[in-house]
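These are my notes on the model, set out as numbered points. Please read them with the sequence and the coordinates open.

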Amino acid sequence: MDAHKFDAEFAQDVRRSNEATHKVLVGIAACERERHFVVLGFGSVYDWLIKRHKFSESAAHRRVQASRLLALVPEEKFTSGEVNLSTLTQVATTVRKEEKRTGKRFTAEAKKELVAKIERKTSAQTEQLLAAEFPEISTAKDSLRTLNTEESRLTTDLPAQTRAKLERLKELLGTTNSAEVLDEAFAALLANLETKGMPRETTAKLLPRKLRRYVIQKAQTCEYVDPVTGQRCNSTHNLQVDHIIPKAKGGTNQLNNLRCLCRQHNLHAAELVFGREHMNKFRTVRERSRDYVAYH
Ligand SMILES: [Zn+2]
């Protein structure tokens with residue numbers, strides 16, 4: 001085949017691929033906005049992508065990050081490849097880090113300006129541009145990589161005070177091996193946080209910490225199950241104790257009225273009883289704002 005004809009056809013394929021990626025990102029944004037993943041039995045939109053749709057963790061992460069900025073990118077810019085998944089993810093990651101560093105949120109306008117700056121840029125050029133715009137952001141990342149069945153490699157940045165604690169613990173434990181110190185420290189912290197034994201049931205107003213721990217320890221993971229598919233959430237993040245019959249409706253602290261849910265499913269359960277508007281008061285600004293982002 002003629003090289004130019006081949007190239008023109010290939011360009012069509014790339015465009016179709018970009019269109020499909022765009023559609024996937026729109027879907028991810030909708031899933032997060034409508035919180036469909038909650039009903040479907042997943043603790044987060046990441047879990048939904050990884051467990052249900054078989055994305056790798058990093059692929060899921062990139063797409064979720066990019067989907068949060070998608071509303072600021074004209075669709076044509078994306079399908080033509082002027083802005084792509086990689087560069088959009090780079091901007092989203094930088095925005096998140098800068099927000100964390102300064103404690104201030106970017107306005108939609110500021111994000112839009114930033115996205116406009118990376119049009120037609122390669123990943124490397126985008127990285128340079130973002131590094132120049134936000135020099136205070138550390139480029140080092142946390143990484144935890146599996147080396148083999150026995151060992152993993154953790155790379156992370158330690159602030160000075162953490163380094164000092166590590167050095168002091170090495171002295172006290174008589175070792176020069178950071179992994180040994182971490183193992184001891186983790187064991188001590190876990191022993192501290194996990195209490196054993198079954199607490200007494202109570203009808204007192206506040207749920208005692210012991211009872212809370214018992215319910216969470218017993219369930220280990222979020223107990224929400226999608227009634228349609230039978231998908232159980234099993235999330236281990238932000239586990240909370242939920243009153244099956246809410247206390248406001250006369251529910252008690254008896255063990256048979258308590259279950260372990262992740263934050264998303266606890267909010268969902270409450271929403272079924274009290275309505276979304278009421279429950280939004282208890283969501284963080286970040287969680288809430290996702291309801292109001294416009295996608296076209
Ligand atoms: Zn859950």
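**Notes on the predicted model**

1. Helices α6 and α7 are oblique to each other, a class for angles that are not under 35 degrees (roughly parallel), over 145 (roughly antiparallel) or 65 to 115 (roughly perpendicular). Helix α6 covers residues 85-102 and helix α7 residues 108-117; their packing angle is about 140°, with the axes 10 Å apart. Axes here are lines fitted to C-alpha atoms, for helices over the stretch in contact, and angles run from 0 to 180 degrees between N-to-C directions. The crossing of α6 and α7 is right-handed, a term for a near helix turned clockwise from the far one by less than a right angle, anticlockwise being left-handed. On the α6 side, Leu88, Val91, Val95 and Glu99 meet Lys111, Leu114 and Val115 of α7; contact means heavy atoms within 4.5 Å.

2. On the basis of the values: this is a predicted model, in which local features need pLDDT of at least 70 and side-chain atom pairs count only at pLDDT 80 or more, while totals for chains, interfaces and linings use all residues. Residues are numbered from 1 along each chain as its sequence is written, and side-chain values use heavy atoms, with hydrogens and water left out.

3. For the chain as a whole, there are 14 helices and 4 strands. Helices (H or I, at least four residues) and strands (E, at least two) are DSSP runs numbered from the N terminus. Of the 296 residues in the protein chain, 33% are buried; buried means under 20% relative accessible area, exposed over 50% and partly exposed in between, with a 1.4 Å probe and protein chains only. Among contacts with a separation of 6 or more, 52% are between residues 24 or more positions apart.

4. Helix α1 (residues 3-34) packs against helix α3 (residues 45-52): the axes come within 10 Å and cross at roughly 130°. That angle makes α1 oblique to α3. The crossing of these two helices is right-handed. Ile28, Cys31 and Glu32 of α1 make the contact with Val45, Trp48 and Leu49 of α3.

5. Helix α1 also meets helix α4 (residues 57-67), where the axes come within 9 Å and cross at roughly 80°. This makes α1 roughly perpendicular to α4. The residues that meet are Leu25, Ile28, Ala29 and Glu32 in α1 and Arg63, Val64, Ala66 and Ser67 in α4. Ile28 and Glu32 thus appear in the α4 contact and also in the α3 contact.

6. Which residues does Ala66 touch, leaving aside its neighbours within four places in sequence? They are Leu25, Leu85, Leu88 and Thr89. Ala66 lies in helix α4 and, at 0% relative accessibility, counts as buried. The C-alpha atoms of Ala66 and Val91 are separated by 8.2 Å, with their positions 25 residues apart along the chain. Val91 is also one of the α6 residues that meet α7.

7. The zinc ion is coordinated by Cys222 (SG), Cys233 (SG), Cys262 (SG) and His265 (ND1), at 2.0 to 2.4 Å. Donors are N, O and S atoms within 2.8 Å of the metal (3.2 Å for Na, K and Ca); water is not among the atoms, so sites may look incomplete. The angles among the 4 donor atoms are 99 to 117°, and the site is tetrahedral, which for four donors requires all angles to lie between 85 and 135 degrees. The donor spacing in sequence is C-x10-C-x28-C-x2-H. Cys222 lies in the loop between α11 (209-219) and β3 (239-243), and His265 in helix α12 (residues 263-274), so the pair ties together parts 43 residues apart in sequence. Both Cys222 and His265 are buried.

8. Two asparagines deserve a check of their backbone angles. Most residues other than glycine have a negative phi. Asn234 has a positive phi, near 60°, and Asn238 has a positive phi near 50°. Asn234 is in the loop between α11 and β3, as is Asn238. Asn234 is partly exposed at 35% relative accessibility, whereas Asn238 is exposed, with a relative accessible area of 54%.

9. Asn256 is in the loop between β3 and β4 (258-262). Its relative accessible area is 69%, which makes Asn256 exposed. Asn256 and Ile245 are 11 residues apart in sequence and, C-alpha to C-alpha, 10.0 Å apart in space.

Methods
Four donors count as tetrahedral if all angles lie between 85 and 135 degrees; four count as square planar and six as octahedral if opposite donors are over 155 degrees apart and all others between 65 and 115; anything else is irregular.
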